[in-house]
Amino acid sequence: MSSTGEIEALIDLMAKLPGLGPRSARRAVLHLIRKRALLLTPLADAMQTVAATARECLNCGNVGTGDICDICNSEKRATGELCVVEDVADLWAMERAGVFKGRYHVLGGTLSALDSVGPEELRIPRLIDRIASEQISEVILALNATVEGQTTAHYIADQLEGQVRLTSLAQGVPIGGELDYLDDGTISAALRARKEL
Ligand SMILES: [Zn+2]
């Protein structure tokens with residue numbers, strides 16, 4: 001490799017990150033090299049640790065560094081309320097808003113006949129198991145307001161009908177909007193004004 005080959009390789013990898021293109025990756029790498037002690041070395045260490053330990057919670061699908069995540073482990077979160085989200089980013093958005101005190105269930109996507117994504121691929125069987133084993137009284141469907149999100153919400157509602165109170169986030173979630181892009185106040189309002197299904 002040339003004397004800049006490794007650095008170019010790092011820039012190419014950084015450019016693959018969401019929100020970063022080749023230009024900003026180049027700028028970020030230059031910044032990291034200049035702040036080697038303050039940023040680059042701690043970042044490299046943190047990445048190595050996360051690469052070795054990050055995994056999905058066996059219960060809910062959240063990402064953490066243990067088999068069971070902190071939320072599932074916390075007795076305080078056993079409120080009987082379970083919030084169903086599509087993606088870990090949505091869970092983190094809800095946590096950032098700080099209004100929901102129960103537990104989560106991360107589906108890992110939406111139903112899609114086109115991409116052959118069925119209930120088995122989405123942790124829906126696990127969701128149904130949890131209703132009984134964790135004494136869940138309310139399931140809040142916080143799926144995105146996309147066609148796929150709403151199709152998935154209807155499927156889950158059909159599966160759980162009569163077993164548990166079913167609600168969904170109120171208006172405030174824009175059509176096609178993803179939870180992760182909403183500000184905390186909008187998420188809080190949508191949760192407080194949730195409606196029965
Ligand atoms: Zn969990």
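Which residues have the most contacts inside the largest nonpolar core? The points below start there and then move outward.

1. **The largest core.** This is a predicted model. Its largest nonpolar core has 23 residues. Met94 and Leu179 are the residues with the most contacts inside this core. Five elements give two or more residues to the core: helix 4, strand 3 (81–85), helix 5 (88–97), strand 4 (103–106) and helix 8 (184–192). Helix 5 gives the most, with five residues.

2. **Around Met94.** Look at Met94 in the structure and set aside its neighbours within four places in sequence. Met94 is then in contact with Cys83, Val99, Phe100, Tyr104, Leu179, Ile187 and Leu191. Leu179, named above for its contacts inside the core, is one of these partners. Keep Phe100 and Tyr104 in mind too, since both return in point 4.

3. **Another core.** Apart from the largest core lies another one, of 18 residues. Among them are Val84, Val139, Leu143 and Ile156. Val139 comes up again among the contacts of Arg165.

4. **One aromatic pair.** The count of aromatic pairs comes to one. The rings belong to Phe100 and Tyr104. Their centres are 5.2 Å apart and their planes stand at 65°, so the pair is edge-to-face. The cut-off behind that label is an angle over 60 degrees. In general, two aromatic rings are described by the distance of the centres and the angle of the planes. Phe100 is buried, and so is Tyr104. Met94 is in contact with both of these residues.

5. **The zinc site.** Four cysteines coordinate the zinc ion through their SG atoms: Cys57, Cys60, Cys69 and Cys72. The distance is 2.3 Å. What is the geometry of the site of the zinc ion? The site is tetrahedral, with angles of 106 to 114° among its four donor atoms. Along the chain, the donors follow the spacing C-x2-C-x8-C-x2-C.

6. **Where the zinc ligands sit.** Cys60 lies in the loop between strand 1 (55–56) and strand 2 (63–64). Cys72 lies in helix 4 (residues 70–73). The two are 12 residues apart, and the pair links distant parts of the chain. Helix 4 is also among the elements that give two or more residues to the largest core.

7. **Buried cysteines, no disulfides.** Are Cys60, Cys69 and Cys72 buried or exposed? Cys60 has a relative accessible area of 2%, so it counts as buried. Cys69 is buried as well, because its value is 5%. Cys72 has 10% and is therefore buried too. The cut-off for buried is under 20%. A search of the whole structure finds zero disulfides.

8. **Arg165.** Arg165 is placed in strand 6 (residues 165–168). Its relative accessibility is 39%, so Arg165 counts as partly exposed. Leaving aside neighbours within four places in sequence, Arg165 is in contact with Ser137, Glu138, Val139 and Glu196. Now compare sequence and space. Arg165 and Glu81 are 84 residues apart in sequence, and their C-alpha atoms are 9.4 Å apart.

9. **Ala193.** Ala193 is in the loop between helix 8 and strand 7 (195–196). With 47% relative accessibility, Ala193 counts as partly exposed. Ala193 and Ala52 are 141 residues apart in sequence. Their C-alpha atoms are 41 Å apart in space.

10. **Two backbone angles to check.** Most residues other than glycine have a negative phi. Ser116 has a positive phi of about 50°, although it is not a glycine. Arg123 also has a positive phi, of about 60°, and is not a glycine either. Where along the chain does Ser116 lie? Ser116 is in the loop between strand 4 and helix 6 (124–133). Arg123 lies in the loop between strand 4 and helix 6 too. Ser116 is exposed, with a relative accessible area of 58%.

11. **The whole protein.** The secondary structure comes to eight helices and seven strands. The C-alpha trace spans about 65 × 35 × 35 Å along its principal axes. Of the 197 residues, 38% count as buried. Take the contacts between residues at least 6 apart in sequence: 56% of them join residues at least 24 apart.

Definitions and conventions. Residues numbered from 1 in each chain as written. Predicted model: local features only at pLDDT ≥ 70, side-chain atom pairs only at ≥ 80, totals over all residues. Heavy atoms only, no water. Donors = N, O, S within 2.8 Å, 3.2 Å for Na, K, Ca; no water. Tetrahedral: all angles 85-135°; square planar, octahedral: opposite > 155°, others 65-115°. Helix = DSSP H or I, 4+ residues; strand = E, 2+ residues; numbered from the N terminus. Buried < 20%, exposed > 50% of the residue type's maximum accessible area, 1.4 Å probe, protein only. Phe/Tyr/Trp six-rings, centres within 6.5 Å; stacked < 30°, edge-to-face > 60°. Core = buried A, V, L, I, M, F, W, Y, C linked by side-chain atoms within 4.5 Å. Contact = heavy atoms within 4.5 Å. Disulfide = S-S within 2.5 Å.
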